[in-house]
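Open the model in your viewer and keep the selection box at hand. The tour moves stop by stop.

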Amino acid sequence: MNIDNIKKEFPIFNNKVHNNDLVYLDSANSSQKPQVVIDRIYDFYSKEFSNVGRSLHYLAVAATNMYESTRSSVQKYINAKDANEIVFTKGATEAINLVANTFGQKYLKEGDEILLTELEHHSNYVPWHYLRKTKGIKIEFADVNDDGEVTIENIEKKITPKTKIIAVTHLSNVTGAILPIKEITSLAHSKNIPVLVDGCQGAPHLKIDMQDLDCDFYAISCHKMYGPTGLGILYAKKKWLEELPPYQGGGGMIGEVKKEGITYGDLPNKYEAGTMATAQVIAFNESIKFLNKVGIDNIIKHEKEIMDYGQEILRKNNSVRLIGNPKEKGAVLSFTLDGIHAHDIATILDEDGVAIRAGHHCCQILHDKLGFAATARASLGIYNTKEDLDKLNESINKCKKIFNTK
Amino acid sequence: MNLKELYQEIILDHGKNPRNLKKTENFNKDAKGHNPLCGDKVHIFLKLNDNQKVDEVSFEGSGCAISMASASIMTDLIKGKEVNVVKELINDFLEMIKEKNSLKSNNLSEDEKTKLMSLSGVKQYPMRVKCATLSWHTLTSAINNKNEEINIEKFD
């Protein structure tokens, strides 16, 4: 696999940032887009545009076929049993809100417990928090250990007879820890508890096989998978999508609408009310093709190689403190620098064209536990190289020079 | 963009060794502020005397070099000044940090002006302006007895 050639597919790297080559280390936040995805959006709007699933004219039929073709591609990519288990949403956040809302509405009552982990992104905590107020449910958090991981033992400790659903991240966006999803689903299912997986970081970096993981729900963020913004995916086992009530009401999701009452449409329409992010869905097919072309095994291998290299050089840099040391780790390198705040690091790195994120990365619970208000995070994508991490290290040394620290 | 202008010696010094970083005893006004985007926090304590002069001022908090230096310089500067003068200084500073190139106040010595102007490099970094203004907005809240926590996100 030739990374230089892959990188050439991303036009953003033709531009300079503050007169420097762009070193993009913020893919956990959002990935860059290959030309094929950008072109697909342009072509669709300029040559093929129509709304889907409604009109009978030529363009509408063609657009509907393309839209549904992405659904099939996604089904294959994540090895879902049925294409109707794929629901398009405006993002992974909406996917989790959909489950929290409908599952909460139908199955939860006062005193019931939802089990999360201390690693969760706000988008896998806040939607559940609403149920505290509306339903009087309790939220429990499985502990993160000193290595920044959540073990199956720590999950098991927090399961009680009142636990009604477990919602966990696949891959932490701060420590990079990969959670043992198969073990979690197997344990949970033995107690009849469904499992939702926040796959925002898992889907772009890991092999994801819904039938193998056996989770009940899996939320995906398409813009982190070399796809367009404004699009997410909820995978849900068919029985849940059939049993749960609709989330939003509107056009496209109905069966029959009468003054006396309404029936809802079949799957997947039941959960796709209103005009969807049509161009984004159609363009996301190109992202899937791109991922298939590179190959997930190659992606995993390449990202591991540069992550290991990054860890090695940052460990040698004596004022860098890496956050977490999980045994199974994805493409995230969070760190602090002695005597320099993460925001100052980010500003200085940016001047060199090195784009990282600084802050709590939407994980305040975890940062409180770790005892940091903010950390710096370099996160990787398929286009990153060892040179990018050398540049990161050089810019870190520049921070130390400016702040006169060692 | 100029990192040297942003991270001047004086900023680095105040950022590393913030002055007045403590809780004033017997304070009679205080306010908290935070920046939800980055987690910076500040708590300002004021002790005004009967003549409405700042007898003591201090702050507690944590944050980046810019926010710590700004709070440090601010607390140094307003000590001993009348509240009305302080209010004028706050406006003067906020105007300078966003758009103007100088301070207009007649109530600052040249040395004080130089200190305050050391923060002007932030202007070139729009994402960092709120780091510099957090403690100033929080000071306003303390003076006005508003007792509400300042969320810097809600300010321009």
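**Stop 1: a buried leucine**

Select A:Leu213. A:Leu213 counts as buried because it has 23 C-beta neighbours inside 10 Å; the cut-offs are 20 or more other C-beta atoms within 10 Å for buried, 12 or fewer for exposed, and partly exposed in between, with C-beta atoms placed from the backbone. This is a predicted model: local features need pLDDT of at least 70 and side-chain atom pairs count only at pLDDT 80 or more, while totals for chains, interfaces and linings use all residues. Residues are numbered from 1 along each chain as its sequence is written, and chains are lettered from A and ligands numbered from 1 in the order in which they are written.

A:Leu213 sits in helix 9 (residues 210–213) of chain A. Helices (H or I, at least four residues) and strands (E, at least two) are DSSP runs, numbered from the N terminus.

Now show the partners. Setting aside neighbours within four places in sequence, A:Leu213 is in contact with A:Ile181, A:Lys182, A:Thr185, A:Val197 and A:Ile208. Contact means C-beta atoms, placed from the backbone, within 7 Å.

**Stop 2: strand 8**

One of those partners, A:Val197, leads to strand 8 (residues 195–198) of chain A. A:Val195 and A:Val197 point one way, A:Leu196 and A:Asp198 the other, and all are buried. In a regular strand the side chains alternate between the two faces of the sheet.

Which strands flank this one? Strand 7 (residues 163–169) of chain A runs parallel to strand 8 of chain A, joined by four bridges. Strand 9 (residues 217–221) of chain A is also parallel to strand 8 of chain A, with three bridges. Pairing requires at least two DSSP bridges.

Pick out the partners. A:Leu196 is the bridge partner of A:Ala167. A:Val197 stands opposite A:Tyr218 in strand 9 of chain A.

Add helix 7 (residues 181–190) of chain A. With strands 7 and 8 of chain A, this helix makes a right-handed β-α-β unit: with the strands pointing away from the viewer, the path from the first strand over the helix to the second runs clockwise.

**Stop 3: the contact with chain B**

Show both chains. The contact takes 13 residues from chain A and 14 residues from chain B. On the chain A side, helix 13 (residues 342–351) of chain A gives the largest share, five residues.

**Stop 4: zoom out**

Select chain A. Chain A has 15 helices and 17 strands. Its C-alpha atoms fill a box of roughly 75 × 55 × 35 Å along the principal axes. Buried residues make up 50% of its 406 residues.

Note on methods:
Two residues are in contact if their C-beta atoms, placed from the backbone, lie within 7 Å.
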